[in-house]
Amino acid sequence: MGIKKSNKLQQSEVIKQILKRCSSFGKKQGLPEDVPRGHFAVYVGENRTRYIVPISWLEHPQFQNLLQRAAEEFGFNHDMGLTIPCDEDVFESLISLMR
């Protein structure tokens, strides 16, 4: 039971970090103009294809798993943007289920 609680705390921290770094809750300071309010950009795959995704996806368990993997592999203290460590076709399949 302690493992599940710890994992849930880690996911919560990942979400907080994402919101701090790339949230567009009305603040346009430093955010690209093409990222609408309530969304953020992620980069996926070997070619780092850019996707604009809604912040509401942060609550989706499968998206949280991707974010956890991103945190473990890349961390959040870099200037590359939020990079998701999976193939583009896998990511596109996932987001088609979430829409």
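Modeller: Accessible areas here come from the Shrake-Rupley method with a 1.4 Å probe; for residues, only the protein chains shown count as cover. On that basis the protein chain exposes about 6600 Å², and carbon and sulfur atoms supply 51% of it. This is a predicted model: local features need pLDDT of at least 70, side-chain atom pairs count only at pLDDT 80 or more, and totals for chains, interfaces and linings use all residues. Residues are numbered from 1 along each chain as its sequence is written, and side-chain values use heavy atoms, with hydrogens and water left out.

Colleague: What pattern does the protein chain follow along the sequence?

Modeller: The pattern is α-β-β-α-β-α. That gives three helices and three strands. Helices (H or I, at least four residues) and strands (E, at least two) are DSSP runs, numbered from the N terminus.

Colleague: Why is α2 called roughly antiparallel to α3?

Modeller: The axes of α2 (residues 61–73) and α3 (residues 88–98) come within 10 Å and cross at roughly 150°. Axes are lines fitted to C-alpha atoms, for helices over the stretch in contact, and angles run from 0 to 180 degrees between N-to-C directions. Under 35 degrees counts as roughly parallel, over 145 as roughly antiparallel, 65 to 115 as roughly perpendicular, and the rest as oblique. The angle is therefore in the roughly antiparallel class.

Colleague: Which residues meet there?

Modeller: Gln62, Phe63 and Leu66 in α2 meet Phe91, Leu94 and Met98 in α3. Contact means heavy atoms within 4.5 Å. By class, five residues are nonpolar, one is polar and none is charged. Ala, Val, Leu, Ile, Met, Phe, Trp, Tyr, Cys and Pro count as nonpolar, Asp, Glu, Lys and Arg as charged, and the others, Gly among them, as polar.

Colleague: What makes β1 and β3 a pair?

Modeller: Two strands pair if DSSP finds at least two bridges between them. β1 (residues 39–44) and β3 have two, in the parallel sense, so they qualify. Val44 has Ile84 in β3 as its bridge partner.

Colleague: How many bridges join β1 to β2?

Modeller: Six, and these strands run antiparallel. Ala41 is bridged to Ile52 in β2. The open sheet has the order β2-β1-β3, with mixed pairing. Its edge strands, β2 (49–54) and β3 (83–84), each pair on one side only. α3 packs on the sheet, touching β1, β2 and β3.

Colleague: Why is β1 called mostly covered?

Modeller: Buried means under 20% relative accessible area, exposed over 50%, partly exposed in between (1.4 Å probe, protein chains only). Five of the six residues of β1 are buried.
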